[in-house]
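Please look over the sequence and the fold together before reading on. The paragraphs below are meant to be followed with the structure in view.

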Amino acid sequence: MNGSGSSVQRPATRAARLSVIEKMLLSHVITSQSQLSGLLSDEGIDVTQATLSRDLDEINAMKTRLADGTIAYTVGDHPGRETAETGISTKMEQQMSRVLSGLVTSVAAAKNLIVVHTPSGAAQYVASVIDKQPIDGVLGTIAGDDTVMIVCRDDELAEARADWLLAVASK
């Protein structure tokens with residue numbers, strides 16, 4: 001697999017579309033529905049303006065004034081912009097730290113994977129917390145009872161994200 005990124009395949013479902021829209025709002029400054037529609041089109045998702053408007057309402061997106069004065073769509077508690085390393089806002093990193101600090105017992109990188117150990121029964125919750133963040137280079141998670149496997153785009157990124165995750169969980 002090359003480092004330029006693989007193409008992600010998504011089903012043509014409403015849930016998949018809502019997920020893409022939410023990730024776009026978290027990772028881009030989007031000031032209009034037409035801009036968002038263009039980005040979705042680039043991903044192979046064509047929607048009408050009415051559908052897009054309903055989708056934005058469904059995910060509780062709202063227009064918010066950012067620190068630089070720009071008015072853009074945001075979701076949840078993400079009006080701040082992300083750090084360059086991970087793509088996660090400082091506020092979200094702090095919230096992740098509060099959740100993960102008591103649940104992550106060890107972190108290890110192995111090739112393009114990160115293995116995270118938790119107390120028994122906590123792995124699915126930890127995986128969910130990680131999955132909800134648009135962490136650059138993280139493709140997804142798999143959770144068991146006390147172990148989470150995080151799949152990264154490449155080996156170097158897995159090593160960097162493992163170090164970052166350990167730092168977040170140690171705060």
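What follows goes from the chain as a whole to its helices, its cores and a few individual residues.

The coordinates belong to a predicted model, and they should be read with that in mind throughout. The chain contains 6 helices and 6 strands, which succeed one another along the sequence in the pattern α-α-α-β-β-α-β-β-α-β-β-α. Of its 171 residues, 38% count as buried, and the accessible surface comes to about 9400 Å², with 51% of that area belonging to carbon and sulfur atoms. When contacts between residues at least 6 apart in sequence are considered, 51% of them join residues at least 24 apart.

A convenient place to begin is helix α3, which spans residues 49–58 and has Thr-51, Leu-52, Asp-55 and Leu-56 as its buried residues. Seen down the helix axis, these buried residues fall within an arc of 135 degrees, and therefore they line one face of α3. Arg-54 and Asp-57, by contrast, are exposed on the other side of the helix. The cover over the buried residues of α3 includes the helices α1 (14–27) and α2 (33–42), together with the strand β2 (71–74).

Beyond the end of α3 comes Asn-60, which is found in the loop leading from α3 to β1. Its phi is near 60 degrees, a positive value in a residue other than glycine. Most residues other than glycine have a negative phi. Asn-60 counts as exposed because its relative accessibility is 56%, and the cut-off for that class is over 50%.

The chain then enters β1, residues 62–65, which pairs with β2 in the antiparallel sense over 4 bridges. Within this pairing, Lys-63 has Tyr-73 of β2 as its bridge partner. The two strands form a hairpin with 5 residues between them, and in the turn Gly-69 has a positive phi of about 95 degrees.

Helix α4 can be read in the way that α3 was. Its buried residues are Met-92, Glu-93, Met-96, Ser-97 and Leu-100, and because they cover an arc of only 145 degrees around the axis, they lie on the same side of α4. Here the cover over the buried residues includes α5 and α6.

Which residues have the most contacts inside the largest nonpolar core? That core has 22 residues, and those with the most contacts inside it are Met-96, Leu-100, Ile-114, Val-116 and Ile-150. At least two residues of this core are supplied by each of α4 (90–100), β4 (113–117), α5 (123–131), β6 (147–152) and α6 (155–170), and α6 gives the most, with 6 residues. Apart from this core lies another, of 17 residues, among them Leu-25, Leu-26, Ile-45 and Val-75.

Individual residues give a closer view of these surroundings. Leaving aside residues up to four places away in sequence, Ile-114 touches a set of residues that includes Val-107, Ala-109, Val-148, Ile-150, Ala-158 and Arg-161. Ala-127, placed in helix α5, counts as buried because its relative accessibility is 5%, where the limit for a buried residue is under 20%. With residues up to four places away in sequence again left out, Ala-127 touches Thr-141, Ala-143 and Val-148. The C-alpha atoms of Ala-127 and Gly-140 are separated by 8.6 Å, although the two residues are 13 residues apart along the chain.

Is Arg-161, in the last example of a buried site given here, near a side-chain or a backbone partner? Arg-161, whose place is in helix α6, counts as buried because its relative accessibility is 4%. A polar atom of the Arg-161 side chain lies 3.0 Å from the backbone oxygen of Asp-136.

Lys-111 is placed in the loop between β3 (106–110) and β4. Its phi is near 55 degrees, again a positive value in a residue other than glycine, and Lys-111 counts as exposed because its relative accessibility is 66%.

Terms used. Residues numbered from 1 in each chain as written. Predicted model: local features only at pLDDT ≥ 70, side-chain atom pairs only at ≥ 80, totals over all residues. Heavy atoms only, no water. Buried < 20%, exposed > 50% of the residue type's maximum accessible area, 1.4 Å probe, protein only. Arc of directions from axis to C-beta. Contact = heavy atoms within 4.5 Å. Core = buried A, V, L, I, M, F, W, Y, C linked by side-chain atoms within 4.5 Å. Areas by Shrake-Rupley, 256 points an atom, 1.4 Å probe, with all protein chains shown as cover. Pairing = 2+ DSSP bridges. Polar contact = N/O pair within 3.5 Å; in protein donor to acceptor, adjacent residues only side chain to side chain.
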